[in-house]
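Here are some exercises to work through with the model open in your viewer. Try each task before you read its solution.

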Amino acid sequence: VFNMQRIAILTHALGQSPPDPELIYSGMQDAIHQPYRRDLIPGLTDILHSVKPKTHPGLLGICLSGAGPTILALATNNFDHIAGEIIKKFSEANVQCKWKLLEPAHEGAMVTK
């Protein structure tokens, strides 16, 4: 039920302009796979509890992406600062990582021949 509620919240929140960081952050919470996988990734629990929109301006939400090891952080600005904080926390847990700034695919899926 929790994750179904989050889907409804996130779908609604992503359609708002301007985006509501607290609503998107809440919508990206997970009670199914993250609790079981976060302990397998050193530093992840600390990141998920400390990197929030209130403490990191520009951040909209953060989550473990799929089974990992990718972390998805949605943001509107302050990308270097947010990524730097996440990398710092992983480094403190002896995990090396890198980050990429990705642009949304506005045209959606495309079939090419």
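Helices (H or I, at least four residues) and strands (E, at least two) are DSSP runs, numbered from the N terminus. Residues are numbered from 1 along each chain as its sequence is written, and side-chain values use heavy atoms, with hydrogens and water left out. This is a predicted model, where local features need pLDDT of at least 70, side-chain atom pairs count only at pLDDT 80 or more, and totals for chains, interfaces and linings use all residues.

**Exercise 1: backbone oddities**

Find where the cis peptide bond to Pro18 sits, then look up phi for Asn78 and Asn94.

Solution. Step one: go to the loop between helix H1 (2-14) and helix H2 (21-27), where you'll find Pro18. The peptide bond from Ser17 to Pro18 has omega near 0 degrees, which makes it cis.

Step two: move to the loop between S2 and H5, home of Asn78. Its phi is near 65 degrees, a positive value in a residue other than glycine. Asn78 is partly exposed at 33% relative accessible area; on this scale buried is under 20%, exposed is over 50%, and partly exposed is in between (1.4 Å probe, protein chains only).

Step three: carry on to the segment after H5, where Asn94 is placed. Phi here is near 60 degrees, again positive without being glycine. Asn94 has a relative accessible area of 73%, so Asn94 is exposed.

**Exercise 2: the strand pair**

In what sense do S1 and S2 pair, and over how many bridges?

Solution. Step one: recall that two strands pair if DSSP finds at least two bridges between them. Strand S1 and strand S2 (residues 71-75) have 5 bridges, and they run antiparallel.

Step two: pick out one partner couple. Leu64 is bridged to Ile71, which belongs to S2.

Step three: check how covered S1 is. S1 spans residues 59-64, and 6 of its 6 residues are buried.

**Exercise 3: cysteines**

Why is Cys63 not bonded to Cys97?

Solution. Step one: a disulfide is a covalent bond between the sulfur atoms of two cysteines. The test used here asks for a pair of cysteine sulfur atoms within 2.5 Å.

Step two: apply it. The closest cysteine sulfur to that of Cys63 is in Cys97, 15 Å away, so the two are too far apart for a bond. Cys97 is likewise in no disulfide. The count comes to 0 disulfides.

Step three: compare the surroundings. Cys63 is buried at 12% relative accessibility, while Cys97 is partly exposed at 35%.

**Exercise 4: charged pairs**

How many salt bridges does a search of the whole structure find?

Solution. Step one: side chains of opposite charge can pair when their charged atoms come close. The criterion is a side-chain nitrogen of Lys or Arg within 4 Å of a carboxyl oxygen of Asp or Glu.

Step two: run the search, which turns up 2 salt bridges. In one of them, Asp46 meets Lys89 with the closest N and O atoms 3.4 Å apart. This pair links distant parts of the chain: Asp46 is in helix H4 (residues 44-50) and Lys89 is in helix H5, 43 residues apart.

Step three: take Glu85 with Lys89, at 3.6 Å from N to O. Both are in helix H5, 4 residues apart, about one turn of the helix. Shared partners join Asp46, Glu85 and Lys89 into one network.

Step four: add the accessibilities. Asp46 is partly exposed at 37%, whereas Lys89 is buried at 14% and Glu85 is buried at 17%.

**Exercise 5: a histidine's surroundings**

Is His56 buried or exposed, and which residues does His56 contact?

Solution. Step one: locate His56 in the loop between H4 and S1. Its relative accessibility is 6%, so His56 counts as buried.

Step two: list the contacts (heavy atoms within 4.5 Å). Setting aside neighbours within four places in sequence, His56 touches Ser50, Val51, His81, Ile82 and Glu85. Glu85 also takes part in a salt bridge with Lys89.
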